[in-house]
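Okay, thanks everyone, let's get going. I'll put the structure up and then walk you through a few spots in it.

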Amino acid sequence: MAKVADKYLKVDPWAIIEEGFDPERNRTSESIFSLGNEYMGVRGYAEEGYSGDSLLGSYFNGLNEQLEIGNHYKGIIRSLRYMVNAVDWLYTRITVDGEQLDLAKCRISDYSRRLDFRSGTYRREFVWHLENGKNLKVIFTRLVSMTLSHLGLQQVAFQPLNFSGSVEVCTGLDFGIIHEERGENMWNSLRSAEEGAITAIMASTVHTGNKLYSGFALQSPQSLQTTRIERDKFIGQSFSLKLSQAETTYYTKFVVNCADSDSTRTADELWNEGMGLAAAAGQLDETALLAEQAAYWSGIWETSDINIEGDPENQQGIRFCIFQLYQTYHGDHPGFNIGAKGLTGEAYRGLAFWDTESYCLPFYMFNNPKAARSLLEFRYKTLAEAIERAKDVDCEGACYPIATIDGTESCDLWQHSNLQLHVGTAISYGIWHYVKNTGDQAFLHSKGAEMLIQISRFYATRGQWGQRSGEYGYFGVMGPDEFQLMVNNNCYINLMAQKSFEYTLDTLRVMKEQAPAEYAEVVARTTLREEELGDWSSKALHMRIPLDEISGVYEEHDGFFDMPHLDIHSIPVTDFPLYSNWSYDRLYRYDMIKQPDVLMFMFLYSGQFSKEAKIANYEYYEPRCIHESSLSPSIHSILASEIGKHEEAYNFFEFATRLDLDNYNRNTREGLHTTSIAAAWMNIVYGFGGMRSDGERLSFQPTLPERWSSYSFQVMYEDVLLRIVVDQTTVKLSAISGGSAEVIVYGQQIKVDASGTALPLGEGMLAG
């Protein structure tokens, strides 16, 4: 892989630290230093105003706008939804002696910023050298509360180094920002006011009418004499602070943001709710709030930390990944989902893909089962939209969208939105995987079974029978490997649809026997017919799964083996990314693949494929994979580790945890690769830890990378928090909380409790 690191951040096990300001890297750093709490997120932009290259980004989960795209063919979408750039609640302007602070124009020194994983805070500081010779140290601190989802805090501190005087500040709330992808502002101001200590504004999106209230209160050791500033889509307060040489003066801004994406509240109701929350926020103590934030993160690290000895860069990298995963999602708001860039940028429009169930769900399932269930509940909440989408494409049941923010299809590339059928199978797999490992039968009976029925209906009406083979399959499709367009019988889609049919039938059979009341209810709710069950069984039994019996290699799709071969290593590095440098149709002419299809289902259903089969398919497809998707290397690394290619596994892993920190894909500036961050966690736990979660019990087959002296990770299984420690001689397992659990280690079933158990590192498991 021709990916090269751009290393400019200081290595630290518990923080991201940038020393010195580089305008060329500013957007990349804005993404890396993003803060979020699932409800809202904000990029690490300069709140004081920066006239250089910047993406001022403030985003709220679920807030969306609509774009009409004007297609007129049936089944191709005519409008789409996207996450909208919202209020700049950090808006600040700072002036001293008539000179306004702007990093693009002012002279500064000693610049640094720090994102602290243990405190959950972002701090930026520098010395401003004014034109008149005065030197002023400025310190910005911000947090987005993990316990009070509506609340954000900003503190700005000033320390004059060689003078006494005053600083003029304007702080406010700005709805006038530009949504960069559209090149226009997407908000209409509804109301603004100063009521007591609260300054507030409310606006609605231009087309969808989503509403957002934003209000703030100020605190300072100095008595603030404020003047209200109002203009279109903006309200704020200006004031002066007295400065004494060498002393630190500051103010703190407590901000409440309250969103309504479902239009369930009137403007007055939302305003009143926001004002109540803002009034309460204005009474908060910043020291207590900072302590509460640190306590929250302390709890996270107690249960979810991965510790690596002997590799400081990847230690920092994996903690950054875990930190961002919890910032993006932790299940406090059922019905939210995870966009491919989380809440850190506008790329992918804030849309959720199949990555959620395939890559993100395992992290939450084994760290925060509540969040895992919440992700699946988003799919249940949007089942009605999936049913309508199936009708659009002349099918029955539920056709879940390839890209969505609200349940409707929002991918405007028809070849993806109409041909990529694997989202429903990912959801079916996610339900199966979640219930298997959490035992949440209540979810399966109340919501999961209904989704499974509608998903199976879709796959029963979207496929056809081959006229020569007499086998069932899917024609005119595109699999996860998006370099193969309009193919027949993509092996991944076919096999995953087969598994979906089988799981649905098995679920309904067990429910009928063991939960007859719930079974009767779901049958009535879906008007399930007995003949449908027979139809699904027949189609699963006769599903076409392309396989070369001699080599044991699964054919990615009918005719793939006969496609022209391209040596991917012959492609000049200057051609990457290929989407930008090759004509679009050129991508589809070869046996080159973007990301693994066959290897992916071998990972998902690992226990159903022999090691020999995995070796044969890995060795065939690995030289053909170009890894244009950031999700691809982790699957290769996990399988390489399993089949004994340890150095290769580490090579694929090498940039996984630092994909964004070192800007390997040269696009971190657009936002973080949130779902790829989840894949980095999988790479360690499923790869080097050898964990498999598709069998009867959770199993482990740990290896130790040659460069590491030890590592440890933790997973929640059957309500027991398990800790696994691997060093050069031993694998130690213990139950930190929840009693005991039985797991399989190197093929041996063992009971793990608080006293712990130790086994020798498996033969051949010390990678070298």
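Before the helices, one convention: angles under 35 degrees count as roughly parallel, over 145 as roughly antiparallel, 65 to 115 as roughly perpendicular, and the rest as oblique. And keep in mind that this is a predicted model.

So, helix pairs. Two packed helices are described by the angle between their axes and the distance between the axes. Take helix H11, residues 491-514, and helix H12, residues 516-526: their axes come within 6 Å and cross at roughly 130 degrees. By that convention, H11 and H12 are therefore oblique to each other. Who makes the contact? On the H11 side you've got Leu508, Met511, Lys512, Glu513 and Gln514, and H12 answers with Pro516, Glu518, Tyr519 and Val522. Sorted by class, the contact of H11 with H12 has five nonpolar residues, one polar and three charged.

The other pair I want to show is helix H5, residues 355-367, against H6. Here the axes are 6 Å apart and the packing angle is about 145 degrees. From H5, the contact uses Thr356, Glu357, Leu361, Tyr364, Met365 and Asn367. H6 brings Pro369, Ala371, Ala372, Leu375, Leu376 and Arg379. That contact of H5 with H6 comes out as eight nonpolar, two polar and two charged residues.

H6 turns up again in the next stop, the second largest pocket, which has a volume of about 590 Å³. Of the 35 residues lining this pocket, Gly62, Ser261, Asp262, Phe336 and Lys381 are the closest to its centre. Strand S6 (79-83), strand S19 (249-260) and helix H6 (369-381) are the elements that give two or more residues to the lining. Which of them gives the most? That's S19, with three residues. As for the character of the lining, we're looking at ten nonpolar, 17 polar and eight charged residues.

On to charges. There are 55 salt bridges in the structure. One of them joins Glu48 and Arg124, with the closest N and O atoms 2.6 Å apart. Glu48 sits in the loop between strand S3 (40-42) and strand S4 (58-60), while Arg124 is in strand S10 (residues 121-129), so the pair ties together parts that are 76 residues apart in sequence.

Last bit, backbone oddities. Most residues other than glycine have a negative phi, and most peptide bonds are trans. Asp110, in strand S9 (residues 107-116), is not a glycine yet has a positive phi of about 55 degrees. And the peptide bond from Phe576 to Pro577 is cis, with omega near -5 degrees. You'll find Pro577 in the loop between strand S24 (553-554) and helix H14 (578-581).

Okay, that's me done.

Definitions and conventions. Residues are numbered from 1 along each chain as its sequence is written. This is a predicted model: local features need pLDDT of at least 70, side-chain atom pairs count only at pLDDT 80 or more; totals for chains, interfaces and linings use all residues. Side-chain values use heavy atoms; hydrogens and water are left out. On a 1 Å grid over the protein atoms alone, a cavity is a set of points where a 1.4 Å probe fits but cannot get out, and a pocket is an open set with protein on both sides within 12 Å along at least five of seven lines; lining residues have an atom within 4 Å of a point. Grid points are joined across faces, edges and corners, and a volume is the space filled by probe spheres set on the points. Helices (H or I, at least four residues) and strands (E, at least two) are DSSP runs, numbered from the N terminus. Ala, Val, Leu, Ile, Met, Phe, Trp, Tyr, Cys and Pro count as nonpolar, Asp, Glu, Lys and Arg as charged, and the others, Gly among them, as polar. Axes are lines fitted to C-alpha atoms, for helices over the stretch in contact, and angles run from 0 to 180 degrees between N-to-C directions. Contact means heavy atoms within 4.5 Å. A salt bridge is a side-chain nitrogen of Lys or Arg within 4 Å of a carboxyl oxygen of Asp or Glu.
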